[in-house]
Amino acid sequence: MENSEIKPSGRFASAPRNDPSHPRRVRCLNPFRWLEVNEGGVVTPCCGSWFKGSIGSLREETLEEIWNGEQFRNVREAMYEGGDWQSFCNARTCPQVYNDTWVAVDFITPETYDIVPITQGMLDDIREGRTLMSSGPAQVGLSCDPRCNLHCIMCSAPAVKDRSGVLMRKALEGVEKFLPSLRRIKLMGDGEVFVVPEAREFLFHFDAERYPDVAFLIHTNGLLLTPEMWEKIRHIRVDWLVVSVDAATKETYERIRVGGNWEILMRNLEFLAERYREERIRLFHLSMTVMKSNHHEMVAFAELGKRLGVTCTYFFPIIGDYGEEQIFDRRDARALRRVAKQLRHPAMDDPAIDTNALSPWRDWRPGFSDYKKMVRRTLVRLGLPFPHH
């Protein structure tokens with residue numbers, strides 16, 4: 001067989017091992033360890049916004065069928081050095097790509113620090129150049145139910161009509177079958193975990209004694225995670241708690257997170273910060289989706305996270321078409337200059353502040369095409385024609 005016909009996984013498997021001068025690398029470990037169920041049952045091998053397209057649908061297959069199906073295996077093949085990972089990875093949003101990070105798999109262990117767990121069996125599969133995994137995933141994320149107690153201005157979930165819980169029930173059936181290999185279950189992303197009854201009951205009744213290796217990543221808006229709710233989930237291991245806040249003041253918060261209550265949120269955050277200090281929560285993060293309505297509060301939000309003593313306060317740009325709120329794609333020059341100024345503020349240099357997703361905007365300056373877009377928007381707003389020549 002000609003060398004050009006050998007798949008990247010084959011070249012990887014036959015390359016010299018444990019050679020630090022020429023390490024064997026993969027672009028990303030996620031397709032070998034992570035399965036995410038997104039809005040509408042769309043399955044991806046990582047965060048849905050980091051990936052181009054999908055690799056299956058829970059409406060058509062089970063999670064077990066998708067995990068080692070042809071599409072998932074094709075993505076794994078592309079991750080080996082020399083593979084076509086560009087066809088799958090979103091370079092604008094994936095931190096693995098925009099930080100240009102590769103993984104030298106011969107020199108890591110399951111204990112090596114990473115944002116997603118991995119097992120020794122998975123590492124063995126990768127080192128042999130396999131795309132058919134010998135076990136289920138180490139992490140499953142369920143972001144497939146839109147039910148929520150808020151109506152956030154940058155959320156697509158309210159447009160989802162299916163509120164039956166069918167997808168969440170089917171996803172949890174898949175999770176049950178993966179429990180022997182799982183190290184972390186992520187709930188949720190879209191929707192609110194403590195509103196969705198299937199997800200909430202799963203947490204309440206999870207058998208932590210039978211599955212001591214399984215921890216949880218809980219992504220919540222924080223309003224329902226009261227001391228009383230905490231008592232109902234205190235038997236589970238909370239590996240990572242992410243609270244989406246998106247503001248540093250009551251006025252901005254309640255404008256963005258319609259239906260929210262700033263005072264209740266602050267009380268709950270203080271309570272959760274105490275549980276974090278008691279080491280009942282391993283990682284405690286606050287997040288802000290940066291947009292028109294809140295971009296002026298980035299430094300204040302970083303200071304809120306510092307006051308609470310959280311592990312990390314992180315920022316990422318709004319994704320999708322949300323009109324004037326979309327300051328990045330629309331190249332809102334005034335807002336982007338303010339974003340850049342705040343990114344350079346000394347408070348943002350704290351190691352507990354993560355602005356990596358906004359790094360392209362730190363030194364942003366408008367170019368000719370940006371000025372052209374601004375002129376076009378102004379003319380449209382005034383009802384005037386835009387010259388095309």
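In helix α9, Arg-255 and Glu-251 are four residues apart and therefore separated by about one helical turn. In this predicted model, the two side chains form a salt bridge whose closest N and O atoms are 3.9 Å apart. That distance qualifies because the criterion asks for a side-chain nitrogen of Lys or Arg within 4 Å of a carboxyl oxygen of Asp or Glu. Glu-251 counts as exposed, with a relative accessibility of 62%, whereas Arg-255 is partly exposed at 37%.

**Salt bridges**

By this rule the count comes to 25 salt bridges. One of them pairs Asp-246 with Arg-257, with the closest N and O atoms 2.9 Å apart. This pair links distant parts of the chain, eleven residues apart: Asp-246 belongs to the loop between β9 (238-244) and α9 (250-256), and Arg-257 to strand β10 (residues 257-258). Are these two partners buried or exposed? Asp-246 has a relative accessibility of 1% and is therefore buried. Arg-257 is likewise buried, its relative accessible area being 8%. Both values fall in the buried class because that class covers anything under 20% relative accessible area.

A further salt bridge joins Arg-277 to Glu-274, again with 2.9 Å between the closest N and O atoms. Both residues lie in helix α10, three residues apart, which is about one turn of the helix. Glu-274 is partly exposed, at 31% relative accessibility. Salt bridges that share partners also connect Asp-145, Arg-147, Arg-169 and Glu-198 into one network.

The three pairs described individually are set out below.

| Salt bridge | Closest N and O atoms | Citation |
|---|---|---|
| Asp-246 and Arg-257 | 2.9 Å | Closest N and O atoms of this pair |
| Arg-255 and Glu-251 | 3.9 Å | Closest N and O atoms of this pair |
| Arg-277 and Glu-274 | 2.9 Å | Closest N and O atoms of this pair |

**Helix α10 and the segment that follows**

Helix α10 spans residues 262-277 and contains Arg-275. At 12% relative accessibility, Arg-275 counts as buried. The side chain of Arg-275 makes a polar contact with the side chain of Glu-278, at a distance of 2.8 Å.

Glu-279 lies in the loop between α10 and β11. What is the sign of phi at Glu-279? Its phi is near 65 degrees, a positive value in a residue other than glycine. With 72% relative accessibility, Glu-279 counts as exposed.

Strand β11 covers residues 281-290 and includes Leu-286. Leu-286 has 0% relative accessibility and therefore counts as buried. Leu-286 and His-219 are 67 residues apart in sequence, and their C-alpha atoms are 9.9 Å apart in space.

**Other backbone features**

Arg-331 also has a positive phi, of about 55 degrees, although it is not a glycine. Arg-331 is found in the loop between β12 (312-317) and α12. Its relative accessible area of 22% makes Arg-331 partly exposed.

Which residues are joined by a cis peptide bond? The bond lies between Leu-187 and Met-188, with omega at about -5 degrees. Met-188 belongs to the loop between β7 (184-187) and α7 (197-204).

**Surface charge**

A patch of positive charge on the surface gathers Arg-334, Arg-337, Arg-338, Lys-341, Arg-344, Arg-362 and Arg-365. Arg-338, one of these residues, lies in helix α12 (residues 333-343). The relative accessibility of Arg-338 is 42%, so this residue counts as partly exposed. Arg-338 meets the accessibility requirement for patch membership because patches are made of residues with over 30% relative accessible area and no salt bridge.

**A long-range pair**

Gln-71 is found in helix α3, which runs over residues 70-79. At a relative accessible area of 40%, Gln-71 is partly exposed. Gln-71 and Leu-269 are 198 residues apart in sequence and 41 Å apart in space, C-alpha to C-alpha.

Technical notes. Residues numbered from 1 in each chain as written. Predicted model: local features only at pLDDT ≥ 70, side-chain atom pairs only at ≥ 80, totals over all residues. Heavy atoms only, no water. Patch = residues over 30% accessible without salt bridge, like charges linked within 9 Å, V, L, I, M, F, W, Y side chains within 5 Å. Areas by Shrake-Rupley, 256 points an atom, 1.4 Å probe, with all protein chains shown as cover. Lys, Arg positive; Asp, Glu negative; His and termini not counted. Charge placed at Lys NZ, Arg CZ, Asp CG, Glu CD. Helix = DSSP H or I, 4+ residues; strand = E, 2+ residues; numbered from the N terminus. Buried < 20%, exposed > 50% of the residue type's maximum accessible area, 1.4 Å probe, protein only. Polar contact = N/O pair within 3.5 Å; in protein donor to acceptor, adjacent residues only side chain to side chain.
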